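Open the model in your viewer and keep the selection box handy. We'll go from stop to stop, and at each one you'll hear what to pick and what is there.

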Amino acid sequence: MEQFYTIQGEGYNTGRAAYFVRLGGCDVGCVWCDVKESWDADKHPRVAIPDIVASATAHAGRNVVITGGEPLMYNLGPLTQALHAAGCQNWIETSGAYPLSGEWDWICVSPKKFKAPLPETLRQAHELKIIVFNKSDFAWAEEHAAQVGPGCRLYLQPEWSKSLQMMPLIVEYVKDNPRWQVSLQTHKYLDIP
Ligand SMILES: C[S@@+](CC[C@H](N)C(=O)[O-])C[C@H]1O[C@@H](n2cnc3c(N)ncnc32)[C@H](O)[C@@H]1O
Ligand SMILES: Nc1nc2[nH]cc(C(=O)O)c2c(=O)[nH]1
Ligand code: SF4
Ligand SMILES: [Mg+2]
């Protein structure tokens, strides 16, 4: 759908330069999704893998975020192998609703109520990023934290339109449950892509 070189705004790698590859297509249907224009893959041009690699490596950074849409609707083996061969670090943003494919250096799983994540994908996550839309989401976050591996980092990120209401609850929750951390969509405050 689009590619852009920016700063990773969310989660563990916040603040680091990264080239984003946003793949069109998603059927998860989150009511608050901030890229609904990504859902219909047919509305976006196809780009060949060598062209993606060439664009990604035209910048100083070597971190590539594969996002969407839901990137795991596709077999990401060929794209991630080509990026690795070009010296890139591959990071993924996924809901976990489809089987994991590809070679990954960092896996961020952000599970959704609208289409459940696969247990095997949760187990492989380096980072679990729960979007907090209402106060019942803390219990839901714990249900998913119980399914990740031992070293997985745990993040609570306010849903953007509910940030003002949810941030005080997230702050108190993290103070009481310090294995969780706050994640903000910092790129939206910085006004960058
Ligand atoms: C647009 S999604 C694309 C990747 C994948 N489909 C997923 O949901 O993880 C990228 C990240 O943005 C988060 N996100 C989407 N809409 C959001 C919103 N309104 N507020 C906060 N985070 C949001 C998702 O949970 C996910 O972590
Ligand atoms: N700067 C920036 N950081 C991000 N982290 C995850 C994003 C995404 O939409 O997947 C995103 C995004 O769209 N922009
Ligand atoms: S899974 Fe990701 S891309 Fe799909 S609707 Fe939800 S937030 Fe948007
Ligand atoms: Mg985004």
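Before the first selection, one term: a residue is near a molecule if its C-beta atom, placed from the backbone, lies within 6 Å of it. Keep in mind, too, that this is a predicted model.

**Stop 1: ligand 3**

Select ligand 3 and look at what surrounds it. Cys-26, Val-28, Gly-29, Cys-30, Cys-33, Val-35 and Ser-38 are among its neighbours, and so are Gly-68, Gly-69, Glu-70, Ser-95 and Lys-112. Colour this shell by class and you get 5 nonpolar, 5 polar and 2 charged residues.

Stay with two of those neighbours for a moment. Zoom in on the bond between Gly-68 and Gly-69: that peptide bond is cis, with omega at about 20°. Most residues other than glycine have a negative phi, and most peptide bonds are trans. Gly-69 sits in the loop between E3 and H2.

**Stop 2: the other two ligands**

Now pick ligand 1. It has 18 residues around it, and the ones that come nearest are Asp-34, Glu-93, Ser-95, Ser-110 and Trp-160. Which strands each supply at least two residues of this shell? Select strand E3 (63–68), strand E4 (89–94) and strand E6 (127–132) to see them. By class, the shell holds 6 nonpolar, 7 polar and 5 charged residues.

Move on to ligand 2. Around it you'll find Thr-6, Ile-7, Gln-8, Gly-9, Glu-10, Thr-67, Glu-93, His-187 and Pro-193. This shell divides into 2 nonpolar, 5 polar and 2 charged residues.

**Stop 3: the whole fold**

Zoom out and switch to a cartoon view. You should be able to find 6 helices and 8 strands. Walking from the N terminus, they come in the order β-β-α-β-α-β-β-α-β-α-β-α-β-α. The radius of gyration is 16 Å, close to the 16 Å that the globule rule gives for 193 residues, so the protein is as compact as a globular protein of that length. Along its principal axes, the C-alpha trace spans about 45 × 35 × 30 Å.

Of the 193 residues, 36% count as buried. Among contacts with a separation of 6 or more, 61% come from residues 24 or more positions apart.

**Stop 4: the nonpolar core**

In soluble globular proteins, nonpolar side chains tend to be buried together. To see the largest nonpolar core here, select Val-21, Ala-56, Val-64, Ile-66, Leu-128, Ile-130 and Leu-156: of its 36 residues, these touch the most other members. The largest share of this core, 5 residues, comes from strand E2 (residues 17–23).

Click on Leu-128 next. Leaving aside residues up to four places away in sequence, Leu-128 touches Val-109, His-144, Ala-145, Val-148, Cys-152, Leu-154 and Tyr-155.

**Stop 5: two helices with two sides**

An α-helix has 3.6 residues a turn, so residues three or four places apart point the same way. Try that idea on helix H2 (residues 77–85), where Leu-79, Thr-80 and Leu-83 are buried. These three cover an arc of only 90° around the axis, which puts them on the same side of H2. Gly-77, Pro-78 and Ala-85 are exposed on the other side. What do the buried residues of H2 pack against? Show helix H1 (49–56), E3 and E4 to find their partners.

Single out Leu-79 in H2. Is Leu-79 buried or exposed? Leu-79 is buried, because 22 other C-beta atoms lie within 10 Å and the cut-off is 20 or more. Not counting residues up to four places away in sequence, Leu-79 touches Ile-49, Ile-52 and Gly-102.

Then turn to H1, where Ile-52, Val-53 and Ala-56 are buried. Looking down the axis of H1, you'll see its buried residues within an arc of 100°, so they line one face of the helix. The face turned away from that buried side carries the exposed residues Pro-50, Asp-51 and Ala-54. The buried residues of H1 pack against strand E1 (2–7), E2, E3 and H2.

**Last stop: Asp-191**

Finish in the segment after helix H6 (186–190), where you'll find Asp-191. Asp-191 isn't a glycine, yet its phi is positive, about 60°. Asp-191 is exposed, with 6 other C-beta atoms within 10 Å.

Technical notes: Residues are numbered from 1 along each chain as its sequence is written. Chains are lettered from A and ligands numbered from 1 in the order in which they are written. This is a predicted model: local features need pLDDT of at least 70, side-chain atom pairs count only at pLDDT 80 or more; totals for chains, interfaces and linings use all residues. Helices (H or I, at least four residues) and strands (E, at least two) are DSSP runs, numbered from the N terminus. The radius of gyration is taken over C-alpha atoms; the globule rule is 2.2 Å times the number of residues to the power 0.38. A residue is buried if 20 or more other C-beta atoms lie within 10 Å of its own, exposed if 12 or fewer, and partly exposed in between; C-beta atoms are placed from the backbone. Two residues are in contact if their C-beta atoms, placed from the backbone, lie within 7 Å. Ala, Val, Leu, Ile, Met, Phe, Trp, Tyr, Cys and Pro count as nonpolar, Asp, Glu, Lys and Arg as charged, and the others, Gly among them, as polar. A nonpolar core is a set of buried Ala, Val, Leu, Ile, Met, Phe, Trp, Tyr and Cys residues joined through C-beta atoms within 7 Å. The arc is that of the directions from the helix axis to the C-beta atoms.
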